[in-house]
Amino acid sequence: MSIEILQFLHELQADIKSQVNGELPFEELVFSDIVMKQLAEAGMTYNEPVVCHYKGRVGNANLRLSGYSISEDADQLDLFVSLYEGVDSIVHIPDADTKTAVEQCLRFLTMCANGTMAARLEDSSDEHALAATLQESYDSLEQIRVFVLTDKVAKTKNFKPREIGGKSVRLEVMDIERLFRHVSEGKPRDELTVNFNEICGSPLPCIFVPGGDEDYGYALAAIPGIALQFLYEKFDSRLLEANVRSFLSVKGKGVNTGIQNTLRFEPGRFMAYNNGIVVVADELHFGRTEDGGIGISWIQGLQIVNGGQTTASIFFTKRKYPETDLTRVRVPAKIIVMKAQDPVKEETLISDISRYANSQNSVKQSDLSANKPYHVEIEKLSRSIFCPDGKSQWFYERAAGSYNTLLSLAGTTPAKLAALKDAIPPARRITKTDLARYINTWDVKPDIVSLGTQKNFDRFMADTMSANGQEIPTPTVADFKAMIAKAKIYREAQKRLRGMFPAFQVNVATYTVALLAQQLGDRIDLQRIWNSQSVSTELMDQIAVWSREVNDALHLSANSRMVSEWAKSPECKIAVLSAQYSSPASNMPEVK
């Protein structure tokens with residue numbers, strides 16, 4: 001395992017260096033961005049994280065922050081702090097170092113909560129907007145977490161929660177070992193092991209049906225409410241549909257209000273009133289219950305794919321109303337045990353289970369659309385079209401984990417693996433959500449892109465359907481090459497901008513490339529970019545010039561609002577793209 005982690009670390013460091021022009025702290029920013037995106041893809045954050053690099057000192061105390069994520073209802077907060085050193089070997093980080101990073105982040109949070117942080121920051125700074133937001137909304141926060149991100153290996157991955165301003169703050173470490181498991185397996189549920197002997201005192205009574213020749217087996221059970229409360233407290237959003245990532249907040253939802261009232265006033269009726277939850281798992285281990293029946297001792301890889309509202313409501317109701325008697329609550333559960341070994345087939349099965357189980361809840365498009373003709377055709381094109389050198393290719397990752405599957409199946413020897421990575425390097429891997437970001441940006445929809453990965457993808461998929469609900473024609477060879485050219489422009493722009501802006505890089509990047517498309521899109525020779533597999537220095541210089549002007553327009557029009565939130569609005573798009581900009585240079589070879 002350590003050899004595989006070392007190889008993963010080398011690939012990560014190479015990826016970081018390929019995305020940035022310069023030294024630390026820019027490499028640290030890229031590392032933070034990569035890890036936070038992975039957490040978002042895994043469903044471990046409540047909203048799209050934002051890179052926000054801050055280091056300061058108040059008295060004798062150091063303060064530090066690398067990024068944040070705030071849920072749409074402003075009731076969940078994640079803060080991130082990075083400890084990145086660019087190591088090229090497996091290095092262990094002392095717990096004292098991660099604890100110090102936690103303390104520095106908690107000081108920042110404490111000063112935001114008590115109102116002293118905003119006053120110490122420049123009104124125009126990105127950190128001031130965040131501090132002011134947290135000062136205003138701190139009392140309404142229901143859950144706060146701090147993640148330490150590191151390219152080293154940490155002994156302790158979870159620390160005891162801390163109390164800050166009357167709020168419990170959970171502390172976690174995402175180290176290179178944990179990140180490797182997420183990326184290589186493509187499913188964060190590998191970390192979720194549930195021992196019912198410990199939680200309930202005995203195996204969970206169930207009826208188990210092996211499934212025969214099918215690619216799954218299943219069990220029927222009634223899970224105690226206190227068990228679901230414990231599991232959510234331990235695993236939070238990772239427990240809820242990391243594969244379909246359709247966590248729904250308990251605030252303002254009528255169905256959740258009904259769940260809450262039943263829990264508080266009629267807990268014994270919960271089993272009768274509630275439709276229950278649907279769970280997928282990798283392994284079940286059985287034991288004997290007190291009456292001699294069969295029961296589930298523990299579950300490996302548990303994931304709730306339907307019933308997120310029920311699970312979250314149990315946790316938050318008990319937190320808000322401690323007198324709620326969860327000992328009387330039972331929740332009906334259908335537990336699907338996966339047998340498929342192929343990650344792509346497994347994802348398809350889980351997506352279908354989620355699709356049919358979530359009859360009343362929205363399921364994220366990016367995880368249910370892998371088999372749509374549009375994406376299937378792009379995948380086929382990516383596997384059949386070679387770059388102009390006749391050797392290398394781009395890889396379209398239609399299903400999560402398919403790139404790693406390709407490497408493991410075809411790279412059977414070190415030499416074959418090296419040759420495969422040379423022909424299809426990780427830098428030429430494009431996911432469905434990546435493609436949606438590039439195309440919507442080029443279609444001058446920076447406000448939609450700023451909504452975040454999943455919402456942008458939802459809009460993107462909606463645009464692939466015609467008025468009568470049918471999909472638009474599948475992409476052609478020319479379409480695929482144009483897509484790659486747009487991807488190159490966006491990625492090179494993002495690389496250039498990383499060293500220029502410490503925060504809100506995604507917003508600046510998408511608005512700048514959208515401005516380029518608006519001003520010069522019909523004159524840019526995308527075929528030329530495909531042929532050269534590069535973007536000229538002159539075009540990148542123009543993007544750099546406009547990016548500074550876009551950044552000024554974003555902050556000026558935001559008028560002290562958080563840029564990341566303001567950028568999501570159509571009003572922001574109008575204000576920024578209608579601002580005055582310098583004339584484009586006349587020496588860009590891509591411009592016809």
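Q: Leaving out residues up to four places away in sequence, what does Q494 touch?
A: Q494 touches K37 and V506. Keep in mind that this is a predicted model.

Q: Which helix is Q494 in?
A: Q494 is in helix α19, which covers residues 477-498.

Q: And is Q494 buried or exposed?
A: Buried. Q494 has a relative accessible area of 10%, and the cut-off for buried is under 20%.

Q: V506 was one of those contacts. Let's talk holes, then: how many cavities of 30 Å³ or more are there?
A: The count comes to four cavities of that size. The largest cavity holds about 400 Å³ of space.

Q: Which residues sit closest to the centre of the largest cavity?
A: Those are E48, P49, V50, S450 and V506, out of 28 residues that line the largest cavity. V506 is also a contact of Q494.

Q: Which elements give two or more residues to that lining?
A: On the helix side they are α2 (26-41), α16 (432-442), α18 (453-463), α20 (505-520) and α23 (563-566). Strands β1 (50-58) and β2 (61-70) do it too.

Q: How does the lining of the largest cavity split by class?
A: You get 11 nonpolar, 11 polar and six charged residues.

Q: What about the second largest cavity, how much space is in there?
A: About 50 Å³. Its lining is made up of I378, W394, F395, Y396, I430, L435, F480, M483 and I484.

Q: How do those divide into nonpolar, polar and charged?
A: Nine are nonpolar, with no polar and no charged residues in the lining of the second largest cavity.

Q: Which element supplies the largest share of that lining?
A: Helix α19, with three residues. That's the helix that holds Q494. Strand β17 (395-397) also supplies at least two residues of the lining.

Q: Switching to R383. Where does R383 lie?
A: R383 lies in helix α13, residues 373-384.

Q: What is R383 in contact with, leaving aside neighbours within four places in sequence?
A: R383 is in contact with Q393, F395, L406 and I424. F395 is also in the lining of the second largest cavity.

Q: How far is R383 from Y396?
A: They are 13 residues apart in sequence, and 8.1 Å apart in space from C-alpha to C-alpha.

Q: So how accessible is R383?
A: R383 is partly exposed, with a relative accessible area of 34%.

Q: Cysteines next. How many disulfides are there?
A: Zero. Sulfur atoms of two cysteines would have to be within 2.5 Å to count as one.

Q: Which of C200 and C387 is buried, and which is partly exposed?
A: C387 is buried, at a relative accessible area of 3%. C200 is partly exposed, at 31%.

Q: Helix packing now. How do α3 and α4 cross?
A: The axes of α3 (residues 95-113) and α4 (residues 126-137) cross at roughly 60° and come within 7 Å.

Q: Which residues meet there?
A: From α3 it's F108, L109 and C112, and they meet L130, A131, L134 and Q135 in α4. By class, that contact has six nonpolar, one polar and no charged residues.

Q: Last bit, the whole chain. How many helices and strands?
A: The chain has 24 helices and 18 strands. Of its 592 residues, 57% count as buried.

Q: Among contacts between residues at least 6 apart in sequence, what share joins residues at least 24 apart?
A: That share is 73%.

Terms used:
Residues numbered from 1 in each chain as written. Predicted model: local features only at pLDDT ≥ 70, side-chain atom pairs only at ≥ 80, totals over all residues. Heavy atoms only, no water. Helix = DSSP H or I, 4+ residues; strand = E, 2+ residues; numbered from the N terminus. Buried < 20%, exposed > 50% of the residue type's maximum accessible area, 1.4 Å probe, protein only. Contact = heavy atoms within 4.5 Å. 1 Å grid on protein atoms, 1.4 Å probe; cavity = no way out; pocket = protein on both sides within 12 Å on 5 of 7 lines; lining within 4 Å. Points joined across faces, edges and corners; volume = space filled by probe spheres on them. Nonpolar A, V, L, I, M, F, W, Y, C, P; charged D, E, K, R; others polar. Axes fitted to C-alpha atoms, helices over the stretch in contact; angles between N-to-C directions.
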